[in-house]
Amino acid sequence: MYTDYLIVGAGAQGLIIADELLAQTDARILLVDRRDQVGGHWNEAYSFVRLHQPSVYYGVASQPLGSGRIEETGLNAGLYEQATGLEVLGHFEQAFRERLLSSGRVQFLGLHEYDGDWNQEHSVRSLVTSRPINVHITRAIVDTTWYGVETPESHRLAFAVDPGTPLTTPKRLPDDISGHRHVTVLGGGKTSMDVVIWLIGQGLPADQICWVRPRESWLINRETAQPGDAGLLRMMESQTNRVEASAAAGSVRDLYLQMERRDEFFRIDQSVFPEMFHGATISRGELSVLRQVENVVRGLRVTSISSGSMLFGSEKRELPADTLFVDCTARAFNFKPPKPVFDGRRITPKVIRDGLVSFSAAAIAHVEANYETEDEKNALTSPIPYEEDLITLPKRYLTDMITQERWSKEKGLRRWARDSRLTGFGKPADDEAKAKIRGLQSRIQVSRDAALKNLKELIGETT
């Protein structure tokens, strides 16, 4: 087969990049995926999953996701809608059929895996027949598998399970919950939070839930990332808070506390200082539900489970006999050593603008289509660091500020970013709002140099 771009993975990143390349080039594109349909890990999503952020920030740039509705009831009242997993899959399927395939320039090979060397020899292999296909590429290969996204349905358990132990996943939970009056949720990430909120929403009393949280997590106040005209002022306030906190923080830990005092960050338990930050967002309503669960096992990782008990090394915890375990221990992505986005004819998409996953993928495609040299491309697409410990926050802030400075010198890139629906930017509602935004922009400029200097110093710390 002959193609200009070979994109390995037809999940969110692969589809977003294909969509943008289709808009900005005349390229032919071949999408390859181990699944038989597009959508990536969303095909394994649990029924009650929703995007962490408003729908407007997600999906392919050429088609809207959602209607821009503001929720009037529920835990997210007053905030923009967040698409369900089914809505996300529908969005990608529609874009794939009506936008990509209908162009005549995109092909899709489902149930195929990449089997080349990523450099010179490119081939794919059918998972059904094992038949290999050599692929000749004229421009680049795009590897969307870098983050190694895991789901509870696909990951390997890191703990032992005795035979007959009632263990389920978030996807199977609605079918398996019947007959169990007690539930133990394993894991402290956003999936576990979704499960706890769902359980309590179904009427399960909070005192019948045990929650194993090996590490506590800092969470982003969802109010700070609201799109459109109505959310613009709060978004600018958030940017100002980030820069001023970065300039004022006396330590890495103080940076988190500064963001908490400025109403940017939350933590579930006010008595515990979280040691993890993965960028999950949450509403005040959701936070109030999570805080109802008081039976929390902190700082321990389960090593074995059985009916009515669980082990943490040599420590044993007894549980009610009818306890159902819910596995929420899968990683959203795996942490790996740094790697540039552009390396010869290989493109490895990463998040390059903090908190904007879909926009980052589209921006990488834009840079690929509009810049010539590898050095130029990599200067505009520095990957946002994702690390296990607290140092990740100042590194993320510093990288994003440096990238923003570089983008500010690129007129075409600025214009494209301004017009992309994936940024969610709105316009000031009136003269008063315009004046407030100018004031916030001035505050950012005043603190910017101090923030850059202080972030570099904080990154040099070991704690």
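## A first look around the model

Leu 127 is partly exposed, with a relative accessible area of 33% (here buried means under 20%, exposed over 50% and partly exposed in between, with a 1.4 Å probe and protein chains only). This is a predicted model, in which local features need pLDDT of at least 70 and side-chain atom pairs count only at pLDDT 80 or more, while totals for chains, interfaces and linings use all residues. Residues are numbered from 1 along each chain as its sequence is written, and side-chain values use heavy atoms, with hydrogens and water left out.

Let us stay with Leu 127 for a moment. This residue belongs to the loop between strand 5 (123-126) and strand 6 (132-134); helices (H or I, at least four residues) and strands (E, at least two) are DSSP runs, numbered from the N terminus. Together with Leu 111 and Val 128, Leu 127 makes a nonpolar surface patch of about 240 Å². Patch residues have over 30% relative accessible area and no salt bridge, with like charges joined within 9 Å and nonpolar side chains (Val, Leu, Ile, Met, Phe, Trp, Tyr) within 5 Å; the areas come from the Shrake-Rupley method with a 1.4 Å probe, and for residues only the protein chains shown count as cover.

**Helix 6 and its rings**

Now to helix 6. Seven of its 10 residues are buried, so helix 6 is largely enclosed by the rest of the structure. The buried ones are Val 252, Asp 254, Leu 255, Tyr 256, Gln 258, Met 259 and Glu 260. They pack against strand 12, helix 5 (228-248), strand 13 (265-266), strand 14 (276-282), helix 10 and helix 12 (431-459). After helix 6 comes Asp 263, with a positive phi near 65 degrees.

The structure holds 15 aromatic pairs (rings of Phe, Tyr and Trp, the last by its six-membered ring, with centres within 6.5 Å; planes under 30 degrees apart are stacked, over 60 edge-to-face, the rest tilted). One of them is the stacked pair of Trp 218 and Tyr 256, at 5.6 Å centre to centre with 25 degrees between the planes. This pair links distant parts of the chain, since Trp 218 is in strand 12 (residues 217-221) and Tyr 256 in helix 6 (residues 252-261), 38 residues apart. Trp 218 and Tyr 256 are both buried. Ring pairs also bring Phe 265, Phe 273 and Phe 277 into a cluster with Trp 218 and Tyr 256.

Some rings have a charge over them (NZ of Lys or CZ of Arg within 6 Å of the ring centre and within 35 degrees of the ring normal). Arg 253 lies over the face of Phe 273, 3.8 Å from the ring centre. Elsewhere, the charged end of Arg 213 sits over the ring of Trp 211, 4.4 Å from its centre. Arg 213 is part of strand 11 (residues 209-213). Is Arg 213 buried or exposed? At 2% relative accessibility, Arg 213 counts as buried. Its contacts (heavy atoms within 4.5 Å), not counting residues up to four places away in sequence, include Gly 187, Ile 268, Asp 269 and Arg 298.

**Salt bridges**

There are 42 salt bridges in the structure (a side-chain nitrogen of Lys or Arg within 4 Å of a carboxyl oxygen of Asp or Glu). Among them are these three:

| Salt bridge | Closest N and O atoms |
|---|---|
| Lys 190 and Asp 194 | 2.8 Å |
| Glu 244 and Arg 262 | 3.4 Å |
| Arg 448 and Glu 405 | 2.8 Å |

Lys 190 and Asp 194 are four residues apart in helix 4 (residues 190-201), so about one helical turn separates them. Both residues are buried. In the Arg 448 and Glu 405 pair, Arg 448 is buried at a relative accessible area of 17%, whereas Glu 405 is partly exposed at 33%. Salt bridges that share partners also join Arg 242, Arg 353, Asp 354, Arg 396 and Asp 400 into one network.

**Two more stops**

Arg 448 returns beside Met 401, a residue of helix 10 (residues 392-407). Leaving aside neighbours within four places in sequence, Met 401 is in contact with Arg 448, Ala 451, Leu 452 and Leu 455. Met 401 is buried, with a relative accessible area of 11%.

Last comes Ile 347 in strand 21 (residues 346-347), buried at a relative accessible area of 4%. How many residues separate Ile 347 and Ala 140 in sequence? They are 207 residues apart, yet 6.8 Å apart in space, C-alpha to C-alpha.
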